[in-house]
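Here's a quick tour of the fold you have on screen. Keep the viewer open and click along as you read.

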Amino acid sequence: MNSFVHKTLVVELRAGDTDRFPVLAHLGYDPADLFAVTVVFSHDGRILARWQLDREMVTEGLTRPVGVGDVRLRPQARGVERELRMEFLGEAHADGGRHHAVVFAWAETVGEFLHETRRMVPPGREEVRVDDFLADLLAGR
C-alpha cells in the first residue's frame, strides 16, 4: 500500500485579465500531515510556488466558495466542464500591493485525487496523537 497519494496535472495560470498559460501542479497527501494537501506549481522545471492547503477546504471548494484569507477556492463552469478556481495571495510588494495568482484546475481531476486521500484516511478517522505532540514540544523536538 502506498504511504502517500500523489497526482501531477496540468493547470492554467491566469495572466492578465483573460489569458491563461499551462503550468504543472503536483498534488500530494501524506498521512503524516493528516489534514493538509500540498500543491507545488512548476513550469519549465522551476518551482513557482508551494502551498499547503486544508484537505476539507479543497473538498468544499469543489462545490462552493471557501476561504477569506490568503487562499480562496470556488467552483467555476467552463463550457460543460467544471473547474476549481484557486486564488492565492502571497507576500507584499515594496509598493504595498501583494503577489496574486489565480489558477484553474479541472474539478473532476482534483476530486479524483481527494477521493484517493479519503480512501487512505477517511474524514473523521484522522488520529491526532496530542500526547506525543506535547511530549515532543516540551522536549524541544
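A cavity here is a set of grid points where a 1.4 Å probe fits but cannot get out. By that rule, the structure holds one cavity of 30 Å³ or more. Keep in mind that this is a predicted model. The chain has 141 residues, and 33% of them count as buried.

**The overall layout**

- The secondary structure adds up to three helices and seven strands.
- Reading from the N terminus, the order of elements is β-β-β-β-α-β-β-β-α-α.
- Along the principal axes, the C-alpha atoms fill a box of roughly 50 × 40 × 30 Å.
- Take the contacts with a separation of 6 or more: 36% of them come from residues 24 or more positions apart.

**How the strands pair up**

- Start with β1 (residues 5–15) and β2, which pair in the antiparallel sense over eleven bridges. At one end of β1, A15 sits opposite D19 in β2.
- These two strands make a hairpin with three residues between them. In that turn, G16 has a positive phi of about 75°.
- β1 also runs antiparallel to β7 (residues 98–106), and two bridges join them. Look for E12, which stands opposite F104 in β7.
- β5 (residues 71–78) and β6 (residues 81–92) are another antiparallel pair, with eight bridges. Here R74 faces R85 across the pairing, with R85 in β6.
- The β5 and β6 hairpin has two residues between the strands, and its G79 takes a positive phi near 70°.
- β6 goes on to pair with β7, again antiparallel and through eight bridges. A92 has R98 in β7 as its bridge partner.
- Five residues separate the strands in the β6 and β7 hairpin, where G96 takes a positive phi near 95°.

**The nonpolar core**

- The largest nonpolar core counts 31 residues. Those with the most contacts inside it are V11, Y29, F41, L73, M86 and F88.
- Which element gives the most to this core? That's helix α2 (residues 107–120), with five residues.
- V11 is a good one to click on. Leaving aside neighbours within four places in sequence, V11 is in contact with F21, P22, V23, A25, F41, V103, F104 and A105.

**The cavity inside**

- The largest cavity holds about 100 Å³ of space.
- It is lined by 13 residues, and the closest to its centre are L27, V39, V58, M86 and V110.
- Elements giving two or more residues to that lining are β1, β2, β3, β6 and α2.
- How does the lining of the largest cavity divide into nonpolar, polar and charged residues? The split is 13 nonpolar, no polar and no charged.
- M86 turns up in two places: it is among the core residues with the most contacts, and it is also among the lining residues closest to the cavity centre.

**The largest pocket**

- About 250 Å³ of space lies in the largest pocket.
- This pocket has 13 lining residues, with L13, L48, A49, W51 and A101 the closest to its centre.
- Two or more lining residues come from each of β4 (46–54), β6 and β7. β7 gives the most, with four residues.
- The pocket lining has ten nonpolar residues, three polar and no charged.

**Two residues to check: T38 and L34**

- T38 lies in strand β3 (residues 36–43). Is T38 buried or exposed? The cut-off for buried is under 20% relative accessible area, so T38 counts as buried at 15%.
- Not counting residues up to four places away in sequence, T38 touches H26, L27, G28, R50, W51 and Q52. Two of these show up elsewhere in this briefing: L27 is among the residues closest to the cavity centre, and W51 is among those closest to the pocket centre.
- L34 lies in the loop between β2 (19–29) and β3. With a relative accessible area of 13%, L34 is buried too, because that value falls under the 20% limit.
- L34 and F113 are 79 residues apart along the chain, and their C-alpha atoms are separated by 15 Å.

Definitions and conventions:
Residues are numbered from 1 along each chain as its sequence is written. This is a predicted model: local features need pLDDT of at least 70, side-chain atom pairs count only at pLDDT 80 or more; totals for chains, interfaces and linings use all residues. Side-chain values use heavy atoms; hydrogens and water are left out. Buried means under 20% relative accessible area, exposed over 50%, partly exposed in between (1.4 Å probe, protein chains only). Contact means heavy atoms within 4.5 Å. Two strands pair if DSSP finds at least two bridges between them. A nonpolar core is a set of buried Ala, Val, Leu, Ile, Met, Phe, Trp, Tyr and Cys residues joined through side-chain atoms within 4.5 Å. On a 1 Å grid over the protein atoms alone, a cavity is a set of points where a 1.4 Å probe fits but cannot get out, and a pocket is an open set with protein on both sides within 12 Å along at least five of seven lines; lining residues have an atom within 4 Å of a point. Grid points are joined across faces, edges and corners, and a volume is the space filled by probe spheres set on the points. Ala, Val, Leu, Ile, Met, Phe, Trp, Tyr, Cys and Pro count as nonpolar, Asp, Glu, Lys and Arg as charged, and the others, Gly among them, as polar.
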